[in-house]
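Here is a short report for a reader meeting this structure for the first time. Please look over the sequence and the model before reading on.

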Amino acid sequence: MDGYQLTFFTQQERRHGRQQLCQWLLTLAQSMQIRGATLVSAQEGLGSHHRLHSAHFFDLSDQPVEITMIVSAEECDALMERLRNEPGLHLFYAKSHVEFGTIGDPAAEVAA
C-alpha cells in the first residue's frame, strides 16, 4: 500500500489540555482507528529555536519525543484536518511518502 509516514516532534513536558501532548496524540490516533503509532523518547535534540533539549537524570521534562504513524492517504487527510482544527495546538511534524504492508502469516506470530 502507499501512504505516509507522519512523525511529530515534541518534548516530554508539553501538554495539550490536561494530558501530555504525546499521550494526547496516541489517544487521538487510537480514537481514529489508525493501525499503530510509536512513541520514541530521545536522549537529546535540537529544537526549532536552536535550543538543545535533553533528558537529565532527575528531570525528564525537556526530553525530546517523537510520535510516528504510518497511515493511508485517507487517514493522513483525516488526521491532519483534525489537528488543524484543534484549538491551541502547536506541533511540528514531518510527512513522507512511503510504501507499507505486512509480510508473512499473522498466525505464525501467535505460534512463536
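The report below starts with the whole chain and then turns to one helix, the cysteines and the salt bridges.

## The chain as a whole

This is a predicted model. The protein chain holds 3 helices and 8 strands. Read from the N terminus, the elements follow the order β-β-β-α-β-β-β-β-α-β-α.

The chain has 112 residues, and 33% of them are buried. About 7,800 Å² of the protein chain is exposed. Carbon and sulfur atoms supply 52% of that area. Take the contacts between residues at least 6 apart in sequence: 76% of them join residues at least 24 apart.

## Helix H2: length and sides

Helix H2 covers residues 73-84, which makes 12 residues. At 1.5 Å a residue, the helix should span 16 Å. Its end C-alpha atoms are 16 Å apart, so the model agrees with the expected span.

Which residues of H2 are buried? They are Glu75, Cys76, Leu79, Met80 and Leu83. These residues cover an arc of only 125° around the axis, so they sit on the same side of H2. An α-helix has 3.6 residues a turn, so residues three or four places apart point the same way. The face turned away from the buried side carries the exposed residues Glu74 and Arg84.

What covers the buried residues of H2? The cover includes strand S1 (2-11) and helix H1 (21-31). It also includes strand S7 (64-72) and strand S8 (92-99).

## Cysteines without a disulfide

A disulfide is a covalent bond between the sulfur atoms of two cysteines. This structure holds 0 disulfides.

Cys22 is buried, with a relative accessible area of 4%. Cys76 is buried too, at 0%. Cys76 is also one of the buried residues of H2.

## Three salt bridges

Side chains of opposite charge can pair when their charged atoms come close. How many salt bridges does the structure hold? There are 3.

One salt bridge joins the side chains of Glu75 and Arg35, at 3.0 Å from N to O. Glu75 lies in helix H2, while Arg35 lies in the loop between H1 and strand S4 (37-41). The pair therefore ties together parts that are 40 residues apart in sequence. Are its two partners buried or exposed? Glu75 has 18% relative accessibility; buried means under 20%, so Glu75 counts as buried. Arg35 has a relative accessible area of 52%; exposed means over 50%, so Arg35 is exposed.

## The other two pairs

Arg84 and Glu81 meet in a salt bridge at 4.0 Å, N to O. Both residues lie in helix H2. They are 3 residues apart, about one turn of the helix. Arg84 counts as exposed, at 58% relative accessibility. Glu81 counts as partly exposed, at 42%. Arg84 is also on the face of H2 turned away from its buried side.

The side chains of Glu86 and Arg82 meet in a salt bridge as well, at 2.3 Å from N to O. Glu86 counts as buried, at 17% relative accessibility. Arg82 is partly exposed, with a relative accessible area of 35%.

Definitions and conventions: Residues numbered from 1 in each chain as written. Predicted model: local features only at pLDDT ≥ 70, side-chain atom pairs only at ≥ 80, totals over all residues. Heavy atoms only, no water. Helix = DSSP H or I, 4+ residues; strand = E, 2+ residues; numbered from the N terminus. Expected span 1.5 Å × (residues − 1). Buried < 20%, exposed > 50% of the residue type's maximum accessible area, 1.4 Å probe, protein only. Arc of directions from axis to C-beta. Contact = heavy atoms within 4.5 Å. Disulfide = S-S within 2.5 Å. Areas by Shrake-Rupley, 256 points an atom, 1.4 Å probe, with all protein chains shown as cover.
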